[in-house]
Amino acid sequence: MTSSTIPGNDFALAIHGGAGTILRSKMTPEREAAYHAGLRRALEAGRIVLADGGSALDAATAAVMALEDEPLFNAGRGAVYTSAGKQEMDAAVMDGRDRAAGAVAGICGPRNPILAARAVMEHSGHVLLIGESAMEFCRRQGLAFEEPSYFFTEQRWQALQETLAMRRSGAEDLDESRKHGTVGAVARDRNGNLAAATSTGGMTAKAPGRVGDSPVFGAGTWADNETCAISATGHGEIFIRYAAAHEIASRMRYAGQSLDQAAHAVVIDMLAPAGGSGGIIAVDRAGNVSLPFNCSGMYRGVVKGNGRLLTGIYDEPLVDFQIVGK
């Protein structure tokens, strides 16, 4: 279990590529390097926006798009399969300035589901659209679509087969990397505004129609300039039942807890005992970042105004790979 706070008052961006990482015993140096590289690409995509004076919302969206385009992570191109062998993706965005929010659930086709969520926020009178109606809305908005072959990865397909085989044999699936898979970003821009974005393919072999915490505001996604922005990854049913993201914000607002105190209390002391394996990334109004998780690891990264791209996977200090131009 870990929790790290990184203070600062310039812009800040934190990302995650899901909790429940590949076990160390199964992680090769090449694959570990690929995960770090994918996280750095997403950090850089968001950093460029923030360094140029862009909004937290644009930065979080850009970072999540980069993660959706990376097949290593369970969102967009790397989404897992339902028990019926289909892909059903969920995504959400929230703007801390006015709590504007948009989400989609149970879709497959838009290249970047996070853009579908943002279109709901900006071009509809609703907060959440699902299934075929959400798909039709995306078509009307002119979003880029891809064929099913674009979203196919052999790794995800084999993970489905292994999970189904275990179910038939009565064995329990203890592999966290098949249970938790989400990408997300939270940001604070130079104007002090916060935003959060989350996208996921869900859980391997989930029941068709299952929706997790990612598009449920207050559970897996939250942003409010007065407190914090949060994106969660983990056992979505538990995160929903405990309103995890909103619980963290409420502890800050009403109990006067710091971001790290509130995040640690919820992830470690509340969710873990309830079976809510996973973690969150969070940034507060001052630019402090907290990254607690209660499982084997969480693909994660942070960048601030100094340009240092920090990434990590397991319960260890983040790795400083490079410093880029401000």
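This note goes through helix packing, salt bridges and one buried aspartate in a predicted model.

1. **Helix 1 against helix 2.** The axes of helix 1 and helix 2 come within 8 Å and cross at roughly 155°. That makes helix 1 roughly antiparallel to helix 2, because angles over 145 degrees count as such. The crossing of helix 1 past helix 2 is right-handed. On the helix 1 side, the contact residues are Gly 38, Leu 39, Arg 41, Ala 42, Ala 45, Gly 46, Val 49 and Leu 50. Helix 2 meets them with Ala 56, Asp 58, Ala 59, Ala 62, Ala 63, Ala 66 and Leu 67. Keep Arg 41 and Asp 58 in mind; both come back below.

2. **Helix 9 against helix 10.** Helix 9 spans residues 244–255 and helix 10 spans residues 259–271. Their axes are 8 Å apart, at an angle of about 135°. Helix 9 is therefore oblique to helix 10. Helix 9 passes helix 10 in a right-handed crossing. Ala 244, Glu 247, Ile 248, Arg 251 and Met 252 are the helix 9 residues that make this contact. Their partners in helix 10 include Leu 259, Ala 262, Val 266 and Leu 271.

3. **Helix 3: how much of it is covered?** Of its 11 residues, 8 are buried, so helix 3 is mostly covered. The buried ones are Pro 113, Ile 114, Ala 116, Ala 117, Arg 118, Ala 119, Val 120 and Met 121. Note the arginine in that list: Arg 118 is buried. The cover includes helix 2, strand 3, strand 4, strand 5, helix 4 and strand 7.

4. **Helix 4: which residues are buried, and on which side?** In helix 4 (residues 131–140), the buried residues are Ala 134, Met 135, Phe 137 and Cys 138. They cover an arc of only 160° around the axis, which puts them on the same side of helix 4. An α-helix has 3.6 residues a turn, so residues three or four places apart point the same way. Glu 132, Ser 133 and Arg 140 are exposed on the other side of helix 4. Strand 4 (100–107), helix 3 (113–123) and strand 5 (128–130) are among the elements covering the buried residues. Just after helix 4, Gly 142 takes a positive phi of about 75°.

5. **Salt bridge Glu 70–Arg 41.** The whole structure has 17 salt bridges. Side chains of opposite charge can pair when their charged atoms come close. In one of the bridges, Glu 70 pairs with Arg 41, with the closest N and O atoms 2.8 Å apart. Glu 70 lies in the loop between helix 2 (56–68) and strand 3 (89–95), and Arg 41 lies in helix 1 (residues 29–51), so the pair ties together parts that are 29 residues apart in sequence. Glu 70 is buried, at 14% relative accessible area. Arg 41 is partly exposed, at 48%.

6. **Salt bridge Asp 224–Arg 99.** The side chains of Asp 224 and Arg 99 meet at 3.0 Å, N to O. This pair links distant parts of the chain, 125 residues apart. Asp 224 sits in the loop between strand 8 (221–223) and strand 9 (228–234), while Arg 99 sits in the loop between strand 3 and strand 4. Asp 224 is buried, with a relative accessible area of 6%. Arg 99 counts as partly exposed, at 41%.

7. **Salt bridge Glu 237–Arg 210, and a network.** Glu 237 and Arg 210 form a salt bridge of 2.8 Å, N to O. Glu 237 is in helix 8 (residues 236–241) and Arg 210 in the loop between strand 7 (194–200) and strand 8, so the pair ties together parts that are 27 residues apart in sequence. Here the arginine is the buried partner: Arg 210 has a relative accessible area of 15%. Glu 237 is partly exposed, at 29%. Elsewhere, salt bridges that share partners join Asp 58, Arg 118 and Glu 122 into one network.

8. **Asp 90: buried or exposed?** Asp 90 belongs to strand 3. Asp 90 is buried, with a relative accessible area of 1%. Leaving aside neighbours within four places in sequence, its contacts include Val 104, Ala 105 and Gly 106. Thr 198, Ser 199 and Thr 200 are also among them, as is Arg 210. The C-alpha atoms of Asp 90 and Val 283 are separated by 22 Å.

Conventions:
Residues numbered from 1 in each chain as written. Predicted model: local features only at pLDDT ≥ 70, side-chain atom pairs only at ≥ 80, totals over all residues. Heavy atoms only, no water. Buried < 20%, exposed > 50% of the residue type's maximum accessible area, 1.4 Å probe, protein only. Helix = DSSP H or I, 4+ residues; strand = E, 2+ residues; numbered from the N terminus. Arc of directions from axis to C-beta. Contact = heavy atoms within 4.5 Å. Salt bridge = Lys/Arg side-chain N within 4 Å of Asp/Glu carboxyl O. Axes fitted to C-alpha atoms, helices over the stretch in contact; angles between N-to-C directions. Parallel < 35°, antiparallel > 145°, perpendicular 65-115°, else oblique. Left-handed = near helix turned anticlockwise from the far one by under 90°.
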